[in-house]
Amino acid sequence: MALREILTEGDPVLNRRSRPVEKFDQRLHELVDDMVETMYEGDGVGLAAPQIGVLRRIFVMDVGEGPLAFINPEIMEEDGEQEGPEGCLSLPGLFGIVSRPQKVRVRAQDRDGVFFEMTAEDLAARCVCHENDHLDGILFRRHSQVPLCSFDELPGYEPEEEAEEGGEA
Ligand code: NI
């Protein structure tokens with residue numbers, strides 16, 4: 001396994017549409033392993049192949065239940081809505097407020113080409129939508145309801161207020 005360099009906003013590769021994966025071979029397995037390692041190194045919950053310069057329809061995700069690889073993913077259904085902070089390893093230090101479905105049904109192939117379906121909710125749904133956007137060359141800046149800023153500067157985020165609320169619990 002090897003760490004890959006994460007491209008940042010401004011690199012035109014991030015704005016391009018990725019092509020489907022056709023070969024589920026050793027090379028793909030190595031790519032997926034590298035993506036997982038690179039995601040963990042960056043402390044991210046998801047990473048899409050174009051972020052490391054590979055224009056293929058692949059993303060990895062770990063929202064606390066272990067790493068999952070989604071190859072040639074398709075979002076089949078969306079349900080509900082959640083609004084909240086979002087960031088991206090390709091826009092380091094920048095956050096926005098993005099509205100996403102609360103729940104999505106996603107169909108994809110695993111690293112061996114086997115199809116699977118899963119329902120992702122809350123953070124997992126947000127992550128699936130964010131990563132799937134990367135495969136179409138879309139960065140979350142496009143969806144943010146506020147200008148991107150540091151996490152502490154997000155409107156409505158009051159560190160002191162939160163500390164008080166936390167103290168009351
Ligand atoms: Ni991202």
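This report covers the nickel site, the sheet, the helices and the nonpolar cores of a predicted model.

## Nickel site

Three protein atoms serve as donors to the nickel ion: SG of C88, NE2 of H130 and NE2 of H134. They lie 2.1 to 2.2 Å from the metal. Along the sequence, the donor residues follow the spacing C-x41-H-x3-H.

The site joins distant parts of the chain. C88 sits in the loop between β4 (82-87) and β5 (95-100). H134 belongs to helix α2 (residues 123-135), 46 residues apart from C88.

Are these two donors buried or exposed? C88 has 11% relative accessibility. Buried means under 20%, so C88 counts as buried. H134 is buried too, with a relative accessible area of 2%.

## The sheet

Five strands make an open sheet. Their order is β1-β2-β3-β6-β7, and the pairing is antiparallel. Strands of a sheet pair through backbone hydrogen bonds. The edges are β1 (46-48) and β7 (115-121). Each has a single partner strand, so one side of each lacks a neighbour in the sheet.

On average, neighbouring strands are turned by 40° against each other, direction ignored. Inside the sheet, β2 and β3 pair over four bridges, in the antiparallel sense. F59 has its bridge partner in β3, and that partner is F70.

## Helices on the sheet

Helix α1 lies across β1, β2 and β3. It runs at about 45° to β2.

Helix α2 also packs on the sheet. It touches β1, β2, β3, β6 (103-109) and β7. The direction of α2 makes about 155° with that of β2. The nickel donor H134 is in this helix.

## Nonpolar cores

In soluble globular proteins, nonpolar side chains tend to be buried together. Here, the largest nonpolar core has 16 residues. V32, M35, L47, I58 and V60 have the most contacts inside it. Two or more residues each come from α1 (26-41), β2 (58-61) and β3 (68-79). The top contributor is α1, with six residues.

What does L47 touch, leaving aside residues up to four places away in sequence? Its contacts are I6, M35, T38, M39, I52, F59, V60, L89 and E131. Among them, M35 and V60 are, like L47, residues with the most contacts inside the largest core.

A second core is separate and has 15 residues. A48, M61, V104 and V128 are included in this second core.

Key
Residues numbered from 1 in each chain as written. Predicted model: local features only at pLDDT ≥ 70, side-chain atom pairs only at ≥ 80, totals over all residues. Heavy atoms only, no water. Donors = N, O, S within 2.8 Å, 3.2 Å for Na, K, Ca; no water. Buried < 20%, exposed > 50% of the residue type's maximum accessible area, 1.4 Å probe, protein only. Core = buried A, V, L, I, M, F, W, Y, C linked by side-chain atoms within 4.5 Å. Contact = heavy atoms within 4.5 Å. Pairing = 2+ DSSP bridges. Axes fitted to C-alpha atoms, helices over the stretch in contact; angles between N-to-C directions.
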